[in-house]
Amino acid sequence: MVESTENNLKPPPLRIGELTIDRPTVLAPMAGLTDLPFRLLCARHGCGLVMTEVVNAQGVLRASSQTMCYLEACAQERPVGAQLYGSDPQVMAEAAARIEALGRFDLIDINCGCPVPKIVNKGAGVALMKQPGIIAEMIRLIRAAVDLPVTAKTRIGLSPDEVNISEVAHAIEEGGAQMLAIHARLAAVKHSGPADWDLMALIKSQRQIPIVGNGGIECAADAGAMRAATGVDGVMIGRAAVGNPWIFEEIIAMWEGRSFKPVSLEDRRRMIEEHLLNLIAHFEKKSEYHKRRRYGSEQSACRHFRTHLIKYLKGHPGIGKLIKHLEDIHSAGDVMVAVDDVLWPKSCSEQLASGA
Ligand SMILES: Cc1cc2nc3c(=O)[nH]c(=O)nc-3n(C[C@H](O)[C@H](O)[C@H](O)COP(=O)(O)O)c2cc1C
């Protein structure tokens, strides 16, 4: 259990326009990971706000099947934000209005931080940081086009020579964004290396809108440490939630001075099974979107689940063997046999059965 100190007392609710998030923890948008089944689990385990994978504004306007699939959402996960990328303010505003019309989302988030070449080469994602004026204009047009709150997520800069988060945060606030999430790393390092919490603290001190801190949270205690070091209004967690949706409950327990019971092997198994079955059901639905697919829904879901599976079982001795045999896993049954082998290795269960 993490000790409750002044540093990790529960923060006040996060207010994003009309939206109030009682527990200011946010699941970071992660392409390929934060689909509906995973978001639902995080929401159920205490996450205050979940975010979709990033979607392309042009794809929204074309109602492309892949994009609409990313925009599947449901009432039980709310509040949920839809993250949008693009470079043209007018197109972004039209796409935001279409997303609002779906009636499933609680906010629209603008991606100003993605370093993936496919996005950056189109002048979107972190490339927008080179043009703070365009970001402000984009947010203004989106605010005019929708009633939902509008937020932005960005980085501290592109490279060591281009650390312009102060200027970008100013533009984001001027444009009318109602919350800013800062991933406190440079685009140049992608997701590795230490996050710059000092700079995060500086931006928090300069801006009036709520600031959510992201980067460098690996466990519940880190969420308290980030708040203590920076004063941010909320914490955003990405990779540390993969394989550990319980992290949100643990943070709340820490903030409320309660103990957090370690997750049992049985609970872990139940979570893995539920996550996988929900993912298969999600892929069944996706098959309406993807007519030409190489694998059936169950096999596609099992393949897609690999990253989660490895993270759920991280630290268990049998994980290396499981990783070697991932290609042989084609069904939910195969996955659960492999999981049982890792959680309850044969030698161990045989010893128990023989009373040794
Ligand atoms: C696999 C993966 C996919 C990501 N996809 C997105 C995305 O779609 N939109 C976005 O704003 N950030 C994306 N990110 C960045 C995360 O939202 C987050 O900023 C980053 O992982 C740092 O937070 P963490 O240290 O808690 O993981 C992605 C990160 C990863 C690892």
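Two strands count as paired if DSSP finds at least two bridges between them; strands (E, at least two residues) and helices (H or I, at least four) are DSSP runs, numbered from the N terminus. What you're working with is a predicted model, where local features need pLDDT of at least 70, side-chain atom pairs count only at pLDDT 80 or more, and totals for chains, interfaces and linings use all residues. Residues are numbered from 1 along each chain as its sequence is written.

**Exercise 1. Lay out the sheet: give the strand order and find the edges.**

Step 1. Eight strands form an open sheet, and the order is β3-β10-β9-β8-β7-β6-β5-β4. The pairing is parallel.

Step 2. Now the edges: these are β3 (25-27) and β4 (50-56), each with a single partner strand, so one side of each has no neighbour in the sheet.

Step 3. For the twist, ignore direction: neighbouring strands are turned by 30° against each other on average. The axes behind this are lines fitted to C-alpha atoms, for helices over the stretch in contact, and angles run from 0 to 180 degrees between N-to-C directions.

**Exercise 2. Walk from β4 to β7 and name a residue pair at each step.**

Step 1. β4 and β5 (residues 80-85) pair in parallel over five bridges, with Val55 opposite Leu84 in β5.

Step 2. Leu84 turns up again: its bridge partner in β6 is Ile110. Four bridges join the parallel strands β5 and β6, and together with helix α4 (residues 89-102) these two strands make a right-handed β-α-β unit. Right-handed here means that, with the strands pointing away from the viewer, the path from the first strand over the helix to the second runs clockwise.

Step 3. β6 and β7 pair in the parallel sense over five bridges, and Asn111 stands opposite Lys153 in β7.

**Exercise 3. Carry on from β7 to β9, and place the helices.**

Step 1. β7 (residues 150-157) and β8 are parallel, with five bridges; Arg155 faces His183 in β8.

Step 2. Put helix α7 (residues 165-175) between β7 and β8 and you get a right-handed β-α-β unit. The chain then crosses from β8 through helix α8 (residues 197-206) to β9, again as a right-handed β-α-β crossover.

Step 3. β8 and β9 (residues 211-214) pair in parallel over four bridges, with Leu180 opposite Ile211 in β9.

**Exercise 4. Are the residues of β6 and β8 buried or exposed?**

Step 1. Get the cut-offs straight: buried means 20 or more other C-beta atoms within 10 Å of a residue's own, exposed means 12 or fewer, and partly exposed is in between, with C-beta atoms placed from the backbone.

Step 2. In β6, six of six residues are buried. Leu107, Asp109 and Asn111 cover one side, while Ile108, Ile110 and Cys112 sit on the other. That split fits the usual pattern: in a regular strand the side chains alternate between the two faces of the sheet.

Step 3. For β8 (residues 180-186), seven of seven are buried, so the strand is largely enclosed by the rest of the structure.

**Exercise 5. Which residues are closest to the ligand, and what is the shell made of?**

Step 1. 22 residues surround the ligand (C-beta atom, placed from the backbone, within 6 Å of it). The closest are Ala28, Met30, Val54, Gly238 and Arg239.

Step 2. Sort the shell by type: ten nonpolar, nine polar and three charged. Ala, Val, Leu, Ile, Met, Phe, Trp, Tyr, Cys and Pro count as nonpolar, Asp, Glu, Lys and Arg as charged, and the others, Gly among them, as polar.
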